[in-house]
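User: Could you take a close look at one part of this structure for me? I'd like to see how the C-terminal end of the longer story hangs together, and what surrounds it.

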Amino acid sequence: MRDWPIKRKLTAIFLLISGLVLVLTSAAFVTYQVVTFRQTMRSNLATRAQILAANSTAALAFANEADAREILSALKYDPHMVAAALYDRDGRVLATYPVAASADLIPAAPQPDGYRFEGARLVGFTPVAQGANQRLGTLYIASDTKAVSDALRLSGIIAIVVLAIALLAAYALAAALQGRISAPILALAETATAASTRQDYSLRAPKFGEDELGTLTDAFNQMLGRIEEQKQELQQHATRLEQRVAERTEELEHRNEALRRNAAELLAANNELDAFAYSVSHDLRAPLRSIDGFSQVLLEDYATQLGDAGRDSLQRVRAASQRMATLIDDLLKLARVTRAEMRTERVDLSGMARDIVVDIQRTTPDRQVEFAIAPGLEAQGDSRLLRVVLDNLLRNGWKYTGKQPQPRVEFAAVDENGGRVFVVRDNGAGFDMRYADKLFGVFQRLHSAAEFEGTGVGLATVRRIITRHGGRIWAEGAVDKGATFYFTL
Amino acid sequence: MALLKAVTVLTSALLFVQSPRASEYQVKAVFLFNFAQFVEWPAVATPDPQMPVIIGILGEDPLGTFLDETVRGERLGLRPFEIRRYRELTDIKACNILFISRSENERVAEILAALGKRPILTVSDGDDFAKRGGMIEFVTDKNRIRLRINLEAAQAANVTISSKLLRVAEIVRTPRR
């Protein structure tokens, strides 16, 4: 019943109540009928017995069996009369009805006066008396109770017919009237379902009256109205947002397009520049070799003819051209770094640094520099290019500690902000932090060549390699306090 | 032999008289008592509502104590019963029911004439009592006691007999002379 539709529930409740009332009423009706009928039957039998008793006084008083029999025989006109008997004063049977009544029909002796139902019979004993106080004997009378069962059956049939008709009427009424309650609820349910499945909040539930269901319908409709308003507002906001996003996207695309164009132009310009630098450097080497070679020939073959001043000048020419060759080599290296293809792999930086240190110490055994290489440093990158990086940084450290009585160069790593930062630190000449941004420029030097030899290309090369690896490089330092280079990969 | 026969007859007669008679007169005593309930006397006969119902016996009393036993403690309305035994006709004063014994069989006409129209219910088991002008006669028929009633005689004496009583009785008339 819990999951029945409201219509059926209401009808069932109506029917249940009216059915209960009807059944109780019918039961009361039948009971009343039967009880009344039994009482009527008892009083009818009593009346009949009293008439018979009054008539049989003389027959009993004067022991006239024939008369007694005749009086009792009047009972034959009532088919419900089963038996009757007259007992005299001493309890002897004077006459019976029917005349040849079997013994089980007639009690052997009179029983106490009164009427009672015995099984399917109503039996009674009534005194026979003439006058007020003279008892002459007893009349016994027995009637069957078919009349009672007939009455019971009849009233039962009436009750069932009435019950059926009344239930039908109740059902019809319930079916007709339940709509007053169920229709608004069903309309509400339908509207709610439609609103939630179709998401159409412009729907309104129809109102049937001003009762509580009417109030509910109003509240529901108001709620739908508010939802609709809010939905429209939301949609407006969404539309505005979309517009703005579209505008921004377009703007960004424009900017991206411009950036792409700039980048392409820059790349082209860079490539051109590299190609130019490469070809110039390459092409410059041949004449430079000629200058150096012929200067050497002059010095060897015509030394005597040149004189001291001439030899000295030629010596200077040779030194300058050799420096220039180194410069050109460095420039070519730098250009190669830019053009070379990257092969990424796991690189053992500590091992690489140790190799470089061994190489440095072998070529310059006269200088004692302390190198501290942290073990187990590794990185992902191109090993050839990373060797160039480490070689440059360690040689720089070695170079700028040249005037230090206890030179020391350190290679280590620190973890900062979740990323690994490699550190190369020396206790050499250092630099002025004001010029820190010039450190990594091509041909930018903070010291003169006389003080520390160099071309000003090394750190520029290092920065290019680091940049190609997607990393960053920066430096800290102070004059005569050493320099520290940090880089990430 | 003859003597023996006489003795036998006498004995059997005695026997016959003894037991059936006893029961017969017992019944008759009850009947006499019952008559009081089916008969009405004129109001003058009972000026006092508590006056006893008097049942008189004229002549030799065959009822013995039966009648006394029957009426003992009984009442008709407020009226108690009283039994009176008369020797002479002149003894009869106030009386409601008069049983005339067989012993007076010869004098019945004389007695009835003497009673005249006095409201006394006359009862007897004498032969043809009713036909001879008596009101109720006991007739023995197949060991049963039946009633014979002379309605005219009763009406003449202003004694009303209930129709119920008449139902169980045989109505006779006094033959016209």
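Analyst: Here is a walk through helix 9 of chain A and its surroundings, followed by the salt bridges and the contact with chain B.

Keep in mind that this is a predicted model. For orientation, chain A has nine helices and 12 strands, and 35% of its 489 residues count as buried. Among the contacts in chain A with a separation of 6 or more, 62% join residues 24 or more positions apart.

Now to helix 9 itself, which spans residues 458–468 of chain A. Its buried residues are A:Leu459, A:Ala460, A:Thr461, A:Val462, A:Ile465 and A:Ile466. What do they pack against? The partners are helix 6, helix 8 (383–400), strand 11 (473–477) and strand 12 (483–487), again in chain A. Just after helix 9, A:Gly470 takes a positive phi of about 80°.

Two of those partners, strand 11 and strand 12 of chain A, pair in the antiparallel sense over five bridges. They form a hairpin with five residues between them, and A:Asp480 in that turn has a positive phi of about 60°. If you want a register marker, A:Ala475 stands opposite A:Phe485 in strand 12.

Helix 6 of chain A covers residues 303–339, and A:Asp330 sits in it. Because its relative accessibility is 18%, A:Asp330 counts as buried. Leaving aside residues up to four places away in sequence, A:Asp330 touches A:Thr455 and A:Val457.

The residue numbered just before it, A:Asp329, forms a salt bridge with A:Arg285, with the closest N and O atoms 2.6 Å apart. A:Arg285 lies in helix 5 (residues 212–301) and A:Asp329 in helix 6, so this pair ties together parts of chain A that are 44 residues apart in sequence. Both ends count as partly exposed: A:Arg285 at 28% relative accessibility and A:Asp329 at 33%.

Helix 7 of chain A (residues 349–363) offers a local pair instead: A:Asp359 and A:Arg362 are three residues apart there, so about one helical turn separates them. Their salt bridge has its closest N and O atoms 2.8 Å apart. A:Asp359 is partly exposed, with a relative accessible area of 26%, whereas A:Arg362 counts as exposed at 60%. The pair also belongs to a network of salt bridges that links A:Asp359, A:Arg362, A:Asp391 and A:Arg395. Over all chains, the structure holds 39 salt bridges.

Stepping out to the partner chain, 17 residues of chain B are in contact with 17 residues of chain A. The area buried between the two chains is about 1,600 Å², with carbon and sulfur atoms giving 46% of it. B:Lys164, B:Arg167 and B:Val168 supply 34% of the area that chain B buries against chain A, more than any other three residues. Three salt bridges are counted between chain B and chain A; one salt bridge joins B:Glu74 to A:Arg89, the closest N and O atoms being 3.1 Å apart.

One last spot to look at is the other end of chain A. A:Met1, A:Trp4, A:Ile13, A:Leu16, A:Ile17 and A:Val21 make a nonpolar surface patch of about 610 Å². Of these, A:Ile13 is placed in helix 1 (residues 6–55) and counts as partly exposed because its relative accessibility is 39%.

Terms used:
Residues are numbered from 1 along each chain as its sequence is written. Chains are lettered from A and ligands numbered from 1 in the order in which they are written. This is a predicted model: local features need pLDDT of at least 70, side-chain atom pairs count only at pLDDT 80 or more; totals for chains, interfaces and linings use all residues. Side-chain values use heavy atoms; hydrogens and water are left out. Patches are made of residues with over 30% relative accessible area and no salt bridge: like charges are joined within 9 Å, nonpolar side chains (Val, Leu, Ile, Met, Phe, Trp, Tyr) within 5 Å. Accessible areas come from the Shrake-Rupley method with a 1.4 Å probe; for residues, only the protein chains shown count as cover. A salt bridge is a side-chain nitrogen of Lys or Arg within 4 Å of a carboxyl oxygen of Asp or Glu. Helices (H or I, at least four residues) and strands (E, at least two) are DSSP runs, numbered from the N terminus. Buried means under 20% relative accessible area, exposed over 50%, partly exposed in between (1.4 Å probe, protein chains only). Contact means heavy atoms within 4.5 Å. Two strands pair if DSSP finds at least two bridges between them. Buried area is the accessible area (1.4 Å probe) that two parts lose on being put together, summed over both.
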